[in-house]
Amino acid sequence: MKKLLICLMNFAMVTGMVAIASTSYAQQPKLQQVYSDNTYQFTGVAISAKNRLFVTYPRWSKTYKYAVVEVMPNGTAKPFPDAATNSWQPGEDGMNKWVCVQTAYVDDQDYLYIVDPAAPMLAKVVGNSAKVVKFNLNTNKIEKVYRFTGTIDNSSYLNDIRVDTQKQMAYLTNSGTGGIVILDLKTGKSRQVLQSHKSVRPDPNYKFVIDGKQLMKQGQPAVFNSDGIALSPDREWLYYKAINDKKLYRIKTASLLNEKLTPQQLGGEVKYLGEVASTDAMIFDKKGNLYLGDMVNYRMIQISPDLKARTWFKSKSLIWPDTYSVSNDGHLYITTSQIQKQPDFNNGVNKRTEPYRVFKVKLP
């Protein structure tokens, strides 16, 4: 067995495929709850350089209050940046308010980005109100608002974001129709790529079984297109995947930024890394380790820079680990969005029995 594992790992290093190790870390790390909500479902989390904690709530049901909150040191939460921005109502244009926020992200210069796909109930985008809003956390003021008119259609759903502060470029996944959106942070111009590539859609032959049953919505298998995204610390690779299959892909950012490549040529630059797990978001630490949450097996996975994957830890508390953020003091923040417990996936019955939680855990 040991010889076989070594051979597999050597094969992975030569071919660029992830080698799945059956081993896990001997010491179980401690999950520390830092925030919870027993009423409203959240998805996104971001921790700033000064340990300011932001949590985002999508408008996926009528049980809804705020889109973005900042968690205070005493555990309470206040709407960010203010209540007015969180006050959108159906019928309004949503251009300058949160409509349906998916996630938050803090870059290495301590700027906060809020991604608002502006598609309430996972339906159509409201007008042209899909946006990314960049905040200066020193002033709590908006630095810039990025809009995507002409880049995405009204069936799109901007999901996750990663930012390269050196090149001043951002990358987003479109989980609605499938694709990678490239955003120039200087000019505000954007374009979408890989829409027709197999890497942005789940394998149609994969059966997404979680908690012992296939995840279904309105009588059909639930489908989540390109979702999780991660930018390597050297900014050379963008990793991404759909939720409901195990396939992991990456592509060089130089290829994404090369506008001379045809769609076919760009698709040829995509590297298939093998099967890891059904996962949602993903994130790198400063050492180049990639972390993914396996919601099917209630575990966190670490993939090392040489593409060796192993179980980091398991916990029954990881009820659909959704979004991650890494703090300067070496903690990973994790949200549990409990998506498989939603009424939409359970014939209208809410299966949730405990709060939505934000945990932090010390990185290895």
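This passage describes a nonpolar core, a strand hairpin and two charged residues in a predicted model.

Because the model is predicted, local features are reported only at pLDDT of at least 70 and side-chain atom pairs only at pLDDT 80 or more, whereas totals for chains, interfaces and linings use all residues. Residues are numbered from 1 along each chain as its sequence is written, and side-chain values use heavy atoms, with hydrogens and water left out.

The largest nonpolar core (a set of buried Ala, Val, Leu, Ile, Met, Phe, Trp, Tyr and Cys residues joined through side-chain atoms within 4.5 Å) has 36 residues, and those with the most contacts inside it are Phe148, Ile161 and Trp320. Two or more residues of this core come from each of the elements β8 (111–116), β11 (158–164), β12 (169–174) and β13 (180–184), where strands are DSSP runs of E with at least two residues, numbered from the N terminus. When residues up to four places away in sequence are not counted, Phe148 touches Ala130, Lys131, Val132, Leu158, Leu172, Val181, Leu183 and Ser190, contact being taken as heavy atoms within 4.5 Å.

Strand β11 is mostly covered, as seven of its seven residues are buried, that is, under 20% relative accessible area with a 1.4 Å probe and protein chains only, while exposed means over 50% and partly exposed lies in between. Strands β11 and β12 run antiparallel and are joined by five bridges, at least two DSSP bridges being needed for two strands to pair. Asp164 stands opposite Met169 in β12, and the hairpin formed by β11 and β12 has four residues between the strands, with Gln168 in the turn showing a positive phi of about 55°.

Arg59 is found in the loop between β4 (53–56) and β5 (68–71). Although buried, Arg59 has no salt bridge, and Glu92, the nearest side chain of opposite charge, is 7.7 Å away; a salt bridge requires a side-chain nitrogen of Lys or Arg within 4 Å of a carboxyl oxygen of Asp or Glu. A polar atom of the Arg59 side chain does, however, lie 3.2 Å from the backbone oxygen of Trp88.

Lys50, in the loop between β3 (44–47) and β4, is exposed, with a relative accessible area of 60%. Leaving aside neighbours within four places in sequence, Lys50 is in contact with Asp110 and Asn138. Lys50 and Ser327 are 277 residues apart in sequence, yet their C-alpha atoms are 8.9 Å apart in space.

Technical notes
Lys and Arg count as positive and Asp and Glu as negative; His and the chain ends are not counted. A polar contact is a pair of N or O atoms within 3.5 Å; within protein, one must be able to donate a hydrogen and the other to accept it, and residues adjacent in sequence count only if both atoms are side-chain atoms.
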